[in-house]
Amino acid sequence: MSLSSCSYNSMVKLDESVKAKWGAVQSDYQRRSDLIPNLVNTVKGAANFEKSTLTAVVEARSKATSVQVDPNKLTPESIKAFQASQGELSAALGKLLSITENYPDLKSNSNFHDLQIQLEGTENRINVSRKDFNDAVQEYNSKIRSFPANITAKMFGFSEKGYFTAEPGADKAPKVEFN
């Protein structure tokens, strides 16, 4: 019984670590989502470009912020749904940023430049948060699957958590064209 109580306490600690790391992931995605209206308004004010691109960014942001994942239910499926909605937003932002290459006035706009730097920093934060989250999930999943802790895990309902995985097609370099 003493072995199981030690395992139980460490499983609770690891579970809380996973939830905290998930909170950091959500916080970084929220930061990105909060920056997008500023980016869109800066671009809108400085350039008259494809309305469909702007609409795609706004719609993708709306979808991304509507997908919520309960920290107590970090299943592979819920992580995948969250990741998919964020992937659509990443694609829309990529298109928006690439279109700016056709607008030299926009590129020289210091507000736009500052927002690009903020977005780049935010994307880096998101990447670090996802890695930290996956590390915490790996430690937790290893613990609950190892003997004798796996017995305690089954007794108290500790279940495997889901990982962030690469987006489909992420293994291929994006094609960048300047026409």
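Biologist: What makes you say that a charged end sits over the ring of Tyr140?

Modeller: A charge counts as sitting over a ring if NZ of Lys or CZ of Arg is within 6 Å of the ring centre and within 35 degrees of the ring normal. The charged end of Lys161 is 5.3 Å from the centre of the Tyr140 ring and sits over that ring, so the distance fits the 6 Å limit.

Biologist: What kind of structure does that rest on?

Modeller: It's a predicted model, in which local features need pLDDT of at least 70 and side-chain atom pairs count only at pLDDT 80 or more, while totals for chains, interfaces and linings use all residues. Residues are numbered from 1 along each chain as its sequence is written, and side-chain values use heavy atoms, with hydrogens and water left out.

Biologist: How many helices and strands are there?

Modeller: There are 6 helices and 0 strands, running α-α-α-α-α-α from the N terminus. These are DSSP runs numbered from the N terminus: H or I with at least four residues for a helix, E with at least two for a strand.

Biologist: What makes the peptide bond between Phe147 and Pro148 stand out?

Modeller: That bond is cis, with omega about 0°. Pro148 sits in the loop between helix H5 (110–145) and helix H6 (149–156).

Biologist: Moving into H6, why is Asn150 called buried?

Modeller: Buried means under 20% relative accessible area, exposed means over 50%, and partly exposed is in between (1.4 Å probe, protein chains only). Asn150 comes out at 19%, so it counts as buried. With neighbours within four places in sequence left out, Asn150 is in contact (heavy atoms within 4.5 Å) with Lys143, Ile144 and Arg145. Its C-alpha is also 8.8 Å from that of Ser7, 143 residues away along the chain.

Biologist: Which other H6 residues are buried, and how do they lie around the helix?

Modeller: Ala149, Thr152 and Ala153 join Asn150 as buried residues of H6. Seen down the helix axis, the buried residues fall within an arc of 160°, so they line one face. The arc is taken from the directions from the axis to the C-beta atoms. On the face turned away from that buried side are the exposed residues Lys154 and Met155. After H6 comes Gly157, with a positive phi near 75°.

Biologist: How many aromatic pairs are there, and what makes two rings a pair?

Modeller: Rings of Phe, Tyr and Trp (its six-membered ring) pair if their centres lie within 6.5 Å; planes under 30 degrees apart are stacked, over 60 edge-to-face, and the rest tilted. By that rule there are 3 aromatic pairs. Tyr8 and Phe158 make one of them, with centres 5.6 Å apart and planes at 70°, hence edge-to-face. That pair bridges 150 residues of chain, from Tyr8 in helix H1 (residues 2–46) to Phe158 in the segment after H6.

Biologist: Why does Tyr8 get a burial label that Phe158 does not?

Modeller: Tyr8 has a relative accessible area of 32%, so it is partly exposed. Phe158 has 16%, so it is buried.

Biologist: Why is the pair of Trp22 and Phe133 called tilted?

Modeller: The planes of Trp22 and Phe133 are 55° apart, with the centres 5.3 Å from each other, and an angle between the stacked and edge-to-face limits is what earns the label tilted. Trp22 is in H1 and Phe133 in H5, 111 residues apart. Trp22 and Phe133 are both buried.

Biologist: What makes a nonpolar core, and which residues are central to the largest one here?

Modeller: A core is a set of buried Ala, Val, Leu, Ile, Met, Phe, Trp, Tyr and Cys residues joined through side-chain atoms within 4.5 Å. The largest has 20 residues, and those touching the most other members are Val18, Trp22, Val25, Leu74, Phe82, Phe133 and Phe164. H1, helix H3 (76–99), H5 and H6 each supply at least two residues of this core. A separate core of 7 residues includes Leu39, Leu89, Leu115 and Leu119. In soluble globular proteins, nonpolar side chains tend to be buried together.

Biologist: How do you know whether Gln83 is buried or exposed?

Modeller: Its relative accessibility is 6%, so Gln83 counts as buried. This H3 residue has contacts beyond its sequence neighbours with Phe164, Thr165, Ala166 and Glu167.
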